[in-house]
Amino acid sequence: GLVGLLPGPVARALGKAAGFVWYIFDGGRRRMATRHMMRVLVDRSQARRAGRLVLMSYGRYWAEALWARKRRVPMMLANTEVEGLELILQARDAGKGMIYALPHMGNWEAAAPVAGSEGVPVVAVAENLPNKRITDWFTRMRAAFGIEIVLATGRAEVMRRLEAALRANKAVALLSDRDLRGRGVQVNFFGEVTTLPPGPATLAIKMGAPLFPVACYFNGSGHRVVVRPAIPVPEGLSRTEQVRQMTEALAQEMEDLIRRAPHQWHLVVPNWPSDR
């Protein structure tokens, strides 16, 4: 509530300052952010500086999340640039729904109003956190951005709801750079084998919906959304091999999207086997 009373520039500056304090006092997150930046940038000195910027950028994300109100979303949309909007419009007109596979870049919730303004409702999956009040707050916050939340209460139930959303010509947004269960598809991601979730590719193949790699970046006081061409479904292969190849292609697309602004990649938890 207090952050919501602040002017937008003040809230963003406060968030970045809080991120800097977080970087100083949380050694575990600092080391993990720097480790991931080493994968992207290779140079150790650059990675250390980028690791600090990651947590400052993440602080801005949290400040915007606390500051966001439904009445402010049109203003945020007006300050959002879009690259690849024609791909969304073509998919909308095709009528099979669409899937957005996103890394944890910038303020990913800010990408949803772009689709909503073009008549494409957005559905997203969220963790069902142990604290119900926090889960409810996340749901309300994302609803302000026009995002309908499906809580991850069970794989079969979640897939049914996402399939229904695609049949209704909605967009399904899935954060795809982290495999929470650790039982996903093995891919080479920034030079090391890890697993990524199979859900985006599986949904695209089953429902015939295009799978778009998407990222949302901070852009000055606003945002920039980038929509990449849909990942094609390989022909003449088993379903398992199709999912594997599409997830590998998605990993490569996310690498390119992350390299555009590495310090805005808010992944500060173990994501590769060697991280653990």
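**Helix packing, aromatic pairs and buried residues in a predicted model**

E163 is located in helix α8, which spans residues 155–167. The model described here is predicted. With a relative accessibility of 10%, E163 counts as buried, because the buried class takes in residues under 20% relative accessible area. Beyond its neighbours within four places in sequence, E163 is in contact with L203, K206 and M207. One of these contacts, L203, also belongs to the largest nonpolar core, where L203 is among the four residues that touch the most other members.

That core comprises 87 residues, and Y100, F189 and W265 join L203 in touching the most other members. Helix α3 gives the most to this core, contributing eight residues. The surroundings of W265 can be listed in full. When neighbours within four places in sequence are left aside, W265 is in contact with H36, M37, V40, V54, P103, H104, M105, D177, F189, F190, I258 and W272. F189, itself one of the four residues named above for the core, is thus among the contacts of W265.

F190, a further contact of W265, shows a backbone feature of its own. Most residues other than glycine have a negative phi. F190, however, has a positive phi of about 55° although it is not a glycine. The residue is found in the loop between β6 (185–189) and β7 (192–196), and at 7% relative accessibility F190 counts as buried. A positive phi, of about 65°, is also found at N169, which is likewise not a glycine. N169 is placed in the loop between α8 and β5 (171–175).

N169 is in turn touched by A91, a residue of helix α5 (residues 85–94). Not counting residues up to four places away in sequence, A91 also touches K96, M98, P210 and F212. A91 counts as buried, at 6% relative accessibility. Its C-alpha lies 31 Å from that of G182, the two residues being 91 apart in sequence.

Helix packing was examined next. Two packed helices are described by the angle between their axes and the distance between the axes. Helix α3 (residues 44–67) and helix α7 (residues 132–144) pack at an angle of about 80°, and their axes are 9 Å apart. This angle makes α3 roughly perpendicular to α7. In the contact, Y61, W62, A65 and L66 of α3 meet W137, F138, M141 and R142 of α7. By class, the residues of the contact of α3 with α7 comprise seven nonpolar, no polar and one charged.

Helices α1 and α2 (residues 27–41) have axes that come within 5 Å and cross at roughly 100°, an arrangement that makes α1 roughly perpendicular to α2. Here W22, Y23, I24 and F25 of α1 meet G27, R29 and R30 of α2. The contact of α1 with α2 has four nonpolar, one polar and two charged residues.

Helix α3 also holds A47, which is buried with a relative accessible area of 0%. Leaving aside neighbours within four places in sequence, A47 is in contact with T34, M37, M38 and L41. A47 and N271 are 224 residues apart in sequence, and their C-alpha atoms are 17 Å apart in space.

The aromatic residues were considered as pairs. A pair of aromatic rings is described by the distance of the centres and the angle of the planes. The structure holds 12 aromatic pairs. W22 and Y58 form a tilted pair, at 5.6 Å centre to centre and with 40° between the planes. W22 lies in helix α1 (residues 8–25) and Y58 in helix α3, so this pair ties together parts that are 36 residues apart in sequence. W22 is partly exposed, with a relative accessible area of 25%, whereas Y58, at 14% relative accessibility, counts as buried. Y61 and W108 form a stacked pair, at 4.5 Å centre to centre and with 20° between the planes. The pair links distant parts of the chain, with Y61 in helix α3 and W108 in the loop between β2 (98–102) and α6 (112–117), 47 residues apart. Both Y61 and W108 are buried.

Ring pairs link W22, Y58, Y61, W62, W108, W137 and F138 into a cluster. Among these, Y61, W62, W137 and F138 also take part in the contact of α3 with α7, while W22 takes part in the contact of α1 with α2.

Methods. Residues numbered from 1 in each chain as written. Predicted model: local features only at pLDDT ≥ 70, side-chain atom pairs only at ≥ 80, totals over all residues. Heavy atoms only, no water. Axes fitted to C-alpha atoms, helices over the stretch in contact; angles between N-to-C directions. Helix = DSSP H or I, 4+ residues; strand = E, 2+ residues; numbered from the N terminus. Parallel < 35°, antiparallel > 145°, perpendicular 65-115°, else oblique. Contact = heavy atoms within 4.5 Å. Nonpolar A, V, L, I, M, F, W, Y, C, P; charged D, E, K, R; others polar. Core = buried A, V, L, I, M, F, W, Y, C linked by side-chain atoms within 4.5 Å. Buried < 20%, exposed > 50% of the residue type's maximum accessible area, 1.4 Å probe, protein only. Phe/Tyr/Trp six-rings, centres within 6.5 Å; stacked < 30°, edge-to-face > 60°.
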